[in-house]
Amino acid sequence: MCGIVGYIGKQQAVPILLDGLKKLEYRGYDSAGIAVLEESEIKLCKSLGRLAVLEEKLGQDFSAATCGVGHTRWATHGRPSDVNAHPHCDCTGKFAIVHNGIIENYIELKEWLAERGHHILSETDTEVLPHLLEHFYAGDLEEAVRLVTEKLRGAFAMAVLSYNHPQKLVAVRKDSPLIIGLGDEEYFIASDIPAILKYTRKTYILDDGEIAVLQEDGVRLMDFQGKPVHKEIYEVKWDAQAAEKGGYEHFMLKEIFEQPRALRDTLLSRLENDLVVLQEIDLTAEEIIHYQRVVIVACGTAYHAGLIGKTLIERWVRIPVEVDIASEFRYRSPLIDAQTLVIVISQSGETADTLAALREAKRHGARVIAVTNVVGSSIARDADDVLYTWAGLEIAVASTKAYITQLAAMVLLALFLAEAKGSLPEERIKEIVTALRQLPGQAQEVLDQAGLVRQLATVFQPAEDAFFIGRGLDWSVALEGALKLKEISYIHAEAYAAGELKHGTIALITKDTPVIALVTQHDVYEKTKSNIEEVKARDGWVIGMTYVGDQRLEKVADQVFYLPKTLSELAPILAVIPLQLLAYYVSIARGCDADKPRNLAKSVTVE
Ligand code: F6R
């Protein structure tokens, strides 16, 4: 949540800060601001609204500045407004700070500062930071920053600009991501790599409890006690092009169309002959046998991937699996121990709730496997083993290609555990592996039907409500389809276990309520078909989804979408694609911004 940038060097700072903020807008976009040092003065420009509003307000101002910080906000404390936008300054205007995270004890700090004569202008938790700095500053900026960190509870990544130290920026990280970019006599601060990739591939990924001091002659790292820290330079392998739209109107559409490639990268290198080989999981078959339970923890879309993981592991490995929402998990004294295998799923690897759940699981002695898309993320670093989803950089707020690769990872993990436990016959494993190899090509076949989905979207455009129904794995996919539609088109959408609809919710079905019925699970095919009939009997308008060659749904549904034939267990990987496309086209038809839906941010680094 919120994106931070900082620059110190010889170039004009403002274009670099704005460019970095553009790349970080996915982290929040309700207001933005920058602070620079120019003519021995801290100059500030902030504004409510998207970055474009700030850019316009700035015009050609501050063009002489070569050092500054910037911020794009997702409001947590204090509504989006000019005054609540970052950067925030102290009473004297000598310190400017941008912050990502939540200062949990900000109310008591505000009172403490007020007693000492400080005037806080905004409703934010952040504004206590520059005032604390003003209080502790006695000529040594790093020392003052260090003393401030001692007063804070909560999560904070921040960048500090000081009038007294015109050739210095200080960056601090605790529980919110922050990286330092190392250029040629120029240095950068950013919440995420895309913000600096145009300028350098060399980075330091700060760990919790670290401070970086950026000066013209280099970067020094230290811990919160002031002890020097030595760190390897992390060289980013992917290029800036990955962060561009490549001819698509939106990142979301580009990312949906990248799914065949993402599946290929995630799956194929892990399939050897007729087996799944996960070299990155350092567990022997003997160790795997000793696990009595699996617990999967994640949020949002990643949680929906976890639901599919549960069904697959229970079906193929025959051990009980619980799936928990990360923000609930740690507050209910979870029953986990050294016999529990915990799997956390997170695209960003930075979701605060998931990271906290991971740490809670480790505290109870559980082994934690992370499924994540971001190399070097906090979750990747804290887990015992990491299974990377090679989706590539995902920028659109609504997750698509990361989700599909999370599903692929669930299949891989379930098969890996089944192989170790000997719970599936070799022939069956071979059959699944063969079907897995076909998935990338089949995903492309589904994408080739985007035109049809676009037509179907016209039915949803005027709708106020929509339902997604299915049984078993289809229900889990339905949950993801409903979330996608809600988050980018603002249509109220709900997913129901198809058999549950008649226990109340069917009262909401009218002729204006589109219903998507997923019917890919052979064992419950007839049952779901009957549920479609129930909806039709109430005048609902139904799109059915089944496999090519199956004509049966045409008799009951208004429209049928056909998927290439695959195993029931792998169907979610194909079935979600038309649902993602549908959400996208409905969003566009309703005039919404599919890449930046209202009220949301991609990386949720606050609890
Ligand atoms: C929805 C979406 C979110 C994320 C959730 C977890 O499209 O993207 O629901 O799935 O915020 O994020 P990660 O996977 O980064 O932990």
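A residue counts as near the ligand if one of its heavy atoms lies within 4 Å of it. Keep that in mind as you explore this predicted model.

**Exercise 1.** Find which residues come nearest to the ligand.

*Solution.* Start with the shell: 13 residues surround the ligand, and Ser346, Gln347, Ser348, Thr351 and Glu487 come nearest. Next, look at the helices. Both α9 (300-317) and α16 (473-489) supply at least two residues of this shell, and α9 gives the most, with three residues.

**Exercise 2.** Describe the polar contacts of the ligand's oxygen atoms, and say how much of the ligand the protein covers.

*Solution.* Begin with the side chains. An N or O atom in the side chain of Ser346 is 2.6 Å from an oxygen atom of the ligand, and a polar side-chain atom of Ser348 also lies 2.6 Å from a ligand oxygen. Then turn to the backbone: an N or O atom there in Thr301 is 3.1 Å from an oxygen atom of the ligand. Finally, on its own the ligand has 400 Å² of accessible area, and the protein covers 89% of that.

**Exercise 3.** Work out where the largest nonpolar core lies with respect to the domains.

*Solution.* First, list the domains: domain 1 (3-242), domain 2 (251-448) and domain 3 (454-589). Second, meet the core. It has 102 residues, and Ile313, Trp316 and Phe468 have the most contacts inside it. Helix α13 (residues 401-421) gives the most to this core, with 15 residues. Third, draw the conclusion: domain 2 and domain 3 both give residues to this core, so it lies between them.

Methods:
Residues are numbered from 1 along each chain as its sequence is written. This is a predicted model: local features need pLDDT of at least 70, side-chain atom pairs count only at pLDDT 80 or more; totals for chains, interfaces and linings use all residues. Side-chain values use heavy atoms; hydrogens and water are left out. Domain bounds come from an automatic or database domain assignment. A nonpolar core is a set of buried Ala, Val, Leu, Ile, Met, Phe, Trp, Tyr and Cys residues joined through side-chain atoms within 4.5 Å. Buried means under 20% relative accessible area, exposed over 50%, partly exposed in between (1.4 Å probe, protein chains only). Helices (H or I, at least four residues) and strands (E, at least two) are DSSP runs, numbered from the N terminus. A polar contact is a pair of N or O atoms within 3.5 Å; within protein, one must be able to donate a hydrogen and the other to accept it, and residues adjacent in sequence count only if both atoms are side-chain atoms. Accessible areas come from the Shrake-Rupley method with a 1.4 Å probe; for residues, only the protein chains shown count as cover.
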